[in-house]
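Work through the exercises below with the structure open. Each task is followed by its solution.

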Amino acid sequence: MSGDPVVAAADGFWFRLPQRLIARFPSAWGFVGDGQFMAVVPPLGVVAPVAVAVGGLIVGATGAGFDTVYTESIALMVAMVAMGCFSTQLGLVALVAFAAGEFFLAERSWALEATLGAAGGPLSTGLIGNLVRVRLPLIITYLLLAVPVAIIPRTARGLVVAVGQRRRLAPGITWALSSGLYVVVVWIGVRTWTAAAPTLVRPRFTWLDGSGSPTAEAIQPLQAQGATIVAAAVVAAVVRQVVCGWLLLPGTRQQAVRDRLSAAAAAVRKGTLRRPLSRPSRGRRLGGDALAAMVATLTLAGILERAWLWVLAFGVMLAVRLLRSEVIAAAAVRRWKATTARLPAAARLVALWVLARVVTDALSKGVIESYTAMALFVIAGVVGVFMVFPGTPSSPGREPAGPVPQAAT
């Protein structure tokens, strides 16, 4: 470990902490540890997380820029999404801090007044009413924001890793292809999110009294200025890839940076891994998939107005997760993954773009006139995305051991 406390702190946040989290929770891979190149400048690697955490906490606690929900503030969404596309770990720090500030400091009351309840019963008043009608909708809004901040960038990097595994390509070509994939998937994903978010934020209003609807202030910024969020995401993705590309260039300074990242990663693995990380057990994968399906279903709460839609959404989400992780139908899924992997990434991206364009146009032009139809449309889209991008073909063995130097991505 370095004797410099700033270097040690930077390595701790960008290397040791992610490694420990991934060792304990393998599904955290791709969410934590992203943006390790910031540790190359230790003061920046330390100050940036602290600054975004403090800033997020203050904004959440004071409601700076919005009255009811963050979708009222384009500036806040731009900052969050851009941070996530540049460094998912940094974006998650900002999101968690913002959520903590709003959830615990801005919303201080834990009891729902009887006058706010839509109907009688335990869900209308008191602590339980507050948890169901106020706190849970808040959590849904945070999950919704996590999609462009963390889910979309991680998914895009999954494609980057798949392209990077083609060892026959020169590093420069790999970087160009990977960068193009990353930026395009971010563009498609965030554009689709801006079209869906005005509807999915509904529980923050409708669950309180059963009759409220989102205010114009909550939905118009996304509808009128959603392109600004998409542009910020694309610019952040490009900047990230330029930084990663710079690390690939020959030169003494770049080599020093690569050596610094490799040495830090090696030191962390040596000091924190007591045994090789193996593929999670079938039971553990099943539990993780069930939890992920629950979270995904909750994120869609704004369009799930009937009990059977909740059941259908959860069932489809769980089935897709179980297939992707090969808990069920492992042999068939491996064959399908191998088949799709042989198709050009560009062709599959075109298919994904067409699917996303259909969804966004249907949402923005009012083609889908009911929330039930919208829910069915989205659920079918989840299946379609899985068919086009079922994941990288796996082989029995080891999961990624943790964060690695990001010079090639």
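**Exercise 1.** Find where pLDDT stays under 50, and set that stretch against the rest of this predicted model.

Solution. Start with the weak stretch: pLDDT stays under 50 over residues 396-409. The model has 48 contacts beyond four places in sequence for these residues. Now take the whole protein chain: its average pLDDT is 85, and 86% of the residues score at least 70. Finish with the elements. Helix 9 (residues 252-272) has the lowest mean pLDDT, 76. Helix 3 (residues 74-86) has the highest, 98.

**Exercise 2.** Classify Ser73 as buried or exposed.

Solution. Locate Ser73 first: it sits in the loop between helix 2 (42-62) and helix 3. Buried means under 20% relative accessible area. Ser73 has 7% relative accessibility, so Ser73 is buried. Beyond its neighbours within four places in sequence, Ser73 contacts Gly65 and Phe66.

**Exercise 3.** Determine which parts of the chain the salt bridge between Glu107 and Arg204 ties together.

Solution. Check the distance: the closest N and O atoms of Glu107 and Arg204 are 3.2 Å apart. Then place the partners. Glu107 lies in the loop between helix 4 (88-106) and helix 5, and Arg204 lies in helix 7 (residues 203-209), so the bridge ties together parts 97 residues apart in sequence. Last, compare burial. Glu107 is partly exposed at 24% relative accessible area, whereas Arg204 is buried at 11%.

**Exercise 4.** Describe the salt bridge between Asp289 and Arg321.

Solution. The N to O distance is 3.3 Å. Asp289 is in helix 10 (residues 282-299) and Arg321 in helix 11 (residues 307-324), 32 residues apart. Asp289 is buried at 3% relative accessible area; Arg321 is partly exposed at 33%.

Technical notes. Residues numbered from 1 in each chain as written. Predicted model: local features only at pLDDT ≥ 70, side-chain atom pairs only at ≥ 80, totals over all residues. Heavy atoms only, no water. pLDDT = per-residue confidence, 0-100. Helix = DSSP H or I, 4+ residues; strand = E, 2+ residues; numbered from the N terminus. Contact = heavy atoms within 4.5 Å. Buried < 20%, exposed > 50% of the residue type's maximum accessible area, 1.4 Å probe, protein only. Salt bridge = Lys/Arg side-chain N within 4 Å of Asp/Glu carboxyl O.
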